[in-house]
Amino acid sequence: MKKLRTVFIVIVSGAIGAGIGLVGMRFLHAYLPHVGWGQLLTLLVVAVVAYHLHLIVHEAGHLLAGKLSGYTFVSYRVGSLMITRENGKLVRKKYTVAGTAGQCLLSPPDMVDGKFPLFLYNAGGALMNFLLGALCFGLSLLTSGLFAVALFVGTAIGVFMGLFNIIPMKIGGMPNDGYNMLLLGRDKNTATRHAFWVMLRANAAQASGVRPREFPTEWFDWVDMDNLNDSLIVSAAILRYNYLLDKGDLTEARACLQFLLDNAKMIELLRNELLCELLFFELINECRPEEIERIYTKDLQAYIKATATYASRQRLLYAYHRLFTKDAEAAGRHLILFCKACETSASLGEIPGEQELIAVIDKATAP
């Protein structure tokens, strides 16, 4: 099934690309019959600018659609630039999330009979891409020459981004908006829909300063731990681990973590997050070289590098150098980066717990 899905995605991608390319070539020939290197360079710059503009508009589409559906604002991010709400005020932060170029997070309204608005919130980004693309196309028909072709480039990128977000598929293991709409819209997926709602609420709670140990236990107690075959439900189950870890119940937290790694089916991003936590527990407890080497693979090292802005990641690297390599200079460098990560974190609720875990590391080094 996965191979068939991959083939489908390749065919759809090729068809979309070929279609846009053919139309683009005809458009280019009609409006710009003699193309020089300077014009090609200009169109390349236009394409880069258009991509980022469509990215901004895409996330704004989610924001607008979410607000129209009764959602409340949590954060808006494009690249590493994030706008979030702290203490009732909008603040700017520098933050990145592995696997995403942008993200607009909102908190959903209360569920009614197990349901809440889903379609417009998920479709809003692609709809805005199509809308901006249509505007560019309309303007291109009213102009001529290089400017008309530049506007068509904006149209092509809008159509491409819109289709790639609205056609159900997973990109790099991550579900796109269309996949979410298809998955969450099915009546049989009530548990998945519940998990999606819980994760949005949990993210909003942490952004406002609520610690994981303060989460209502009903956010994760409903999860069937014997049937963890859905990444969204696994995400809700991970809240149990975060809850235990933040309470300081490290023994139970480690047991929960190991159970999830042994029994849950999840996307690679979630597995890497849990492996980082497993490595942390190994460092502050047995600190066995062979076990650390087994966990700390090249793939995990690449993931750690890609998520270096996370406070939890710098906490892990501080533990690694403080407890394993015994490199005081490297440990001190990562402690400074940890403090910076806490300052830029959009998840205020995670910071106190992360700071307490730094104290656990320091205690583990004491004679």
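Which residues does glutamine 314 touch, not counting residues up to four places away in sequence? Keep that question for the second half of the tour. The model on screen is predicted.

**Stop 1: the sheet**

Select strands β1 to β4. These 4 strands form an open sheet, with antiparallel pairing and the order β3-β2-β1-β4. Strands β3 and β4 are the edges, each pairing on one side only; β4 covers 102–107. From one strand to the next, the twist averages 20 degrees.

**Stop 2: the hairpin at one edge**

Narrow the selection to residues 81–86, strand β2, and residues 89–94, strand β3. The two strands are joined by 6 bridges in the antiparallel sense. To follow the register, show methionine 82 and look across to β3, where lysine 93 stands opposite. Then move to the turn: the hairpin of β2 and β3 has 2 residues between the strands, and asparagine 87 adopts a positive phi near 55 degrees.

**Stop 3: the helix across the sheet**

Add residues 190–207, which make up helix α6. Helix α6 lies across β1 (72–78), β2 and β4. Relative to β4, helix α6 runs at about 90 degrees.

**Stop 4: glutamine 314**

Go to residues 311–325, helix α12, and pick out glutamine 314. Is glutamine 314 buried or exposed? Its relative accessible area is 2%, and a value under 20% counts as buried, so glutamine 314 is buried. Now for the opening question: with residues up to four places away in sequence left out, glutamine 314 touches Ala308, His334, Leu337 and Phe338. For a distance to check in the viewer, take the C-alpha atoms of glutamine 314 and glutamate 354: they are 9.8 Å apart in space, while the two residues are 40 apart in sequence.

**Stop 5: helices α13 and α14**

Select residues 328–344 for helix α13 and residues 351–365 for helix α14. How do the two axes cross? They come within 11 Å and cross at roughly 165 degrees. Angles over 145 degrees count as roughly antiparallel, and α13 and α14 are therefore roughly antiparallel to each other. Their crossing is left-handed.

Show the side chains where the helices meet. From α13 come Leu335, Phe338 and Cys342; from α14 come Ile351, Glu354, Gln355 and Ile358. By class, this contact of α13 with α14 has 5 nonpolar, 1 polar and 1 charged residues. Two names here return from the previous stop: Phe338, among the residues touched by glutamine 314, and glutamate 354, the far end of the 9.8 Å distance.

Notes: Residues are numbered from 1 along each chain as its sequence is written. This is a predicted model: local features need pLDDT of at least 70, side-chain atom pairs count only at pLDDT 80 or more; totals for chains, interfaces and linings use all residues. Side-chain values use heavy atoms; hydrogens and water are left out. Two strands pair if DSSP finds at least two bridges between them. Axes are lines fitted to C-alpha atoms, for helices over the stretch in contact, and angles run from 0 to 180 degrees between N-to-C directions. Contact means heavy atoms within 4.5 Å. Buried means under 20% relative accessible area, exposed over 50%, partly exposed in between (1.4 Å probe, protein chains only). Angles under 35 degrees count as roughly parallel, over 145 as roughly antiparallel, 65 to 115 as roughly perpendicular and the rest as oblique. A crossing is left-handed if the near helix is turned anticlockwise from the far one by less than a right angle, and right-handed if clockwise. Ala, Val, Leu, Ile, Met, Phe, Trp, Tyr, Cys and Pro count as nonpolar, Asp, Glu, Lys and Arg as charged, and the others, Gly among them, as polar.
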